[in-house]
Structures are given as structure tokens and as C-alpha cells.
Amino acid sequence: MKFFVDTADVPAIAELNDLGMVDGVTTNPSLIKKSGRDILEVTKEICDLVDGPVSAEVTATDAETMIAEGRKLAKIADNIAVKVPLTWDGLKACKVLTDEGNIVNVTLCFSANQALLAAKAGASFISPFIGRLDDINLEGLDLIADIRTIYDNYGYETEILAASIRTVNHISDCAKIGADVITAPPAVIKSMIAHPLTDKGLDAFLADIKSANISIL
Ligand code: E4P
């Protein structure tokens with residue numbers, strides 16, 4: 001399973017990248033706003049840091065302007081994934097931009113039918129938002145499972161990029177279902193390591209190392 005980091009915070013990306021945990025990055029207008037940085041400048045910096053796809057979202061809502069924005073974003077680096085919303089205009093932009101050889105991530109997916117349309121439009125990635133479905137008492141993970149079944153039934157190559165990840169259980173559940181990619185905030189990825197028995201076990205080993213004077217170097 002690929003791990004994308006859902007942030008425009010460059011030091012946070014660099015920290016996880018150094019650990020080999022970063023297969024790509026996703027940003028959106030809210031994350032760019034949170035970074036306080038210029039979109040083109042910060043996106044370039046992230047593309048220089050990370051080898052995998054870096055999603056940068058268009059700001060327009062009409063296809064023609066989305067395509068122009070997508071072409072400009074794609075010039076930043078070879079690993080740019082142009083992110084477009086799941087609207088008819090977004091799908092039109094997706095078709096044109098993928099036909100031109102660009103990576104396209106179709107975002108704001110909340111239904112299996114929307115995911116089917118995105119695959120038919122040639123999307124490289126589909127981004128179903130788990131957490132925002134959970135927020136309104138729906139089962140975000142059911143959507144991931146439904147899309148997995150549909151894509152596998154017909155051999156669509158669009159990668160399922162599970163987004164709006166809020167918990168570590170979302171990540172392991174997505175892995176069990178077979179999502180191709182998860183994108184999660186750095187803090188959620190970092191908390192995947194936590195287990196009280198690891199801490200307790202290490203404390204016991206450290207106590208024995210000290211009492212028995214065990215040394216290697
Ligand atoms: C990723 O592409 C999305 O922009 C992101 O995961 C949305 O997450 P949120 O619902 O926590 O804002």
C-alpha cells in the first residue's frame with residue numbers, strides 16, 4: 001500500500017520522507033491556506049523533495065480554466081498530479097489532461113457511481129473521502145470497499161486513493177479492503193506506531209540492560 005501525506009507542511013513531509021514513508025503528497029486549497037505559502041512555490045518545493053505524485057488542486061470550476069490551470073501546474077514538475085473536483089467540468093478536464101499524458105487525481109468523491117465516472121474519464125487516482133462520510137453518519141469505509149469491487153469487476157486501472165483519513169484504524173481498514181493508496185495527515189501516520197505493550201516491553205528490557213550491565217559498544 002502506498003502512503004501519501006496529506007499536507008503542504010514541507011518540514012513535516014521531509015521528516016516522514018527521510019524514513020521512507022512517503023510515496024506521494026496530496027494538497028488542497030485548505031491545506032495551502034493553512035501553510036500560508038504561495039501555491040506554486042510550495043508545490044515546487046514539495047515536488048523537489050518527493051519522488052512520487054504530488055497533488056495540486058485547480059481553483060476554477062469551468063473545464064476550460066481547469067485545463068489551463070492544470071497545464072500550468074503540470075509544468076512545475078514531472079510528478080505533479082492535477083487535482084480536479086468530481087463535477088462534469090472536472091471530468092471533462094480530467095479526460096483532456098490525462099489524454100495529454102498528465103497525472104490526474106479526481107477529488108471530492110462520495111459515491112461509487114462518481115468513482116465509476118472518474119475511471120471512465122481516465123482518472124489516474126480517485127479520492128473518496130472517508131472521514132467526511134463518517135461525519136454525517138455514513139460508512140466511509142463501505143465506499144472504499146464498493147469502489148474496490150467495481151474497479152476489480154471491470155479492470156479499471158484508476159488507483160483508489162483513500163482520503164479524509166482521520167484515524168489509524170481507517171488506515172489498517174483501507175489496507176484490508178485493498179485501497180491502493182491512503183493519504184493521511186502526518187500526525188495520523190506517526191501515531192500508527194503507538195502500542196502500550198511496545199513501550200512496556202522496552203522499559204523492561206532497558207531495566208535488565210541496566211541491572212545486568214549489558215553493553216555492545
Ligand atoms: C485529500 O486529498 C483531501 O484533500 C483530504 O484528505 C481531505 O481531508 P479532510 O476531510 O480531513 O479535510
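How many salt bridges does a search of the whole structure find? In this predicted model, the search returns 12 salt bridges. Side chains of opposite charge can pair when their charged atoms come close, and a few of these pairs are worth a closer look.

A good place to begin is strand β1. Here Lys 2 forms a salt bridge with Glu 159, with 2.7 Å between the closest N and O atoms. This contact links distant parts of the chain, since Lys 2 lies in strand β1 and Glu 159 in strand β7 (residues 159–162), 157 residues apart. Lys 2 counts as partly exposed because its relative accessibility is 32%.

Helix α8 offers a second point of interest, centred on Arg 148. This residue pairs with Asp 152 in a salt bridge whose closest N and O atoms are 3.1 Å apart. Arg 148 and Asp 152 are four residues apart in helix α8 (residues 140–154), so about one helical turn separates them. Arg 148 also meets the side chain of Asp 180 in a salt bridge, at 3.1 Å from N to O. That pair reaches across distant parts of the chain: Asp 180 sits in the loop between α9 (168–177) and β8 (181–184), 32 residues from Arg 148 in helix α8. As for accessibility, Asp 180 is partly exposed because its value is 24%. Salt bridges with shared partners also join Arg 37, Glu 41 and Glu 45 into one network. Returning to Arg 148, its relative accessible area of 13% falls under 20%, so this residue is buried.

Aromatic contacts come next. The model holds four aromatic pairs. One of them is formed by Phe 4 and Phe 125, an edge-to-face pair with 5.7 Å from centre to centre and 70° between the planes. Here too, distant parts of the chain are linked, with Phe 4 in strand β1 (residues 2–6) and Phe 125 in strand β6 (residues 125–128), 121 residues apart. Both Phe 4 and Phe 125 are buried. Strand β1 thus contributes Phe 4 to this ring pair and Lys 2 to the salt bridge with Glu 159. Elsewhere, ring pairs connect Tyr 151, Tyr 154 and Tyr 156 into a cluster.

The surface, finally, carries a nonpolar patch of about 500 Å², made by Leu 202, Phe 205, Leu 206, Ile 209 and Ile 214. Among these residues, Phe 205 belongs to helix α11 (residues 196–212). Is Phe 205 buried or exposed? With a relative accessibility of 57%, Phe 205 passes the 50% cut-off and therefore counts as exposed.

How values were computed:
Residues are numbered from 1 along each chain as its sequence is written. This is a predicted model: local features need pLDDT of at least 70, side-chain atom pairs count only at pLDDT 80 or more; totals for chains, interfaces and linings use all residues. Side-chain values use heavy atoms; hydrogens and water are left out. Rings of Phe, Tyr and Trp (its six-membered ring) pair if their centres lie within 6.5 Å; planes under 30 degrees apart count as stacked, over 60 as edge-to-face and the rest as tilted. Helices (H or I, at least four residues) and strands (E, at least two) are DSSP runs, numbered from the N terminus. Buried means under 20% relative accessible area, exposed over 50%, partly exposed in between (1.4 Å probe, protein chains only). Patches are made of residues with over 30% relative accessible area and no salt bridge: like charges are joined within 9 Å, nonpolar side chains (Val, Leu, Ile, Met, Phe, Trp, Tyr) within 5 Å. Accessible areas come from the Shrake-Rupley method with a 1.4 Å probe; for residues, only the protein chains shown count as cover. A salt bridge is a side-chain nitrogen of Lys or Arg within 4 Å of a carboxyl oxygen of Asp or Glu.
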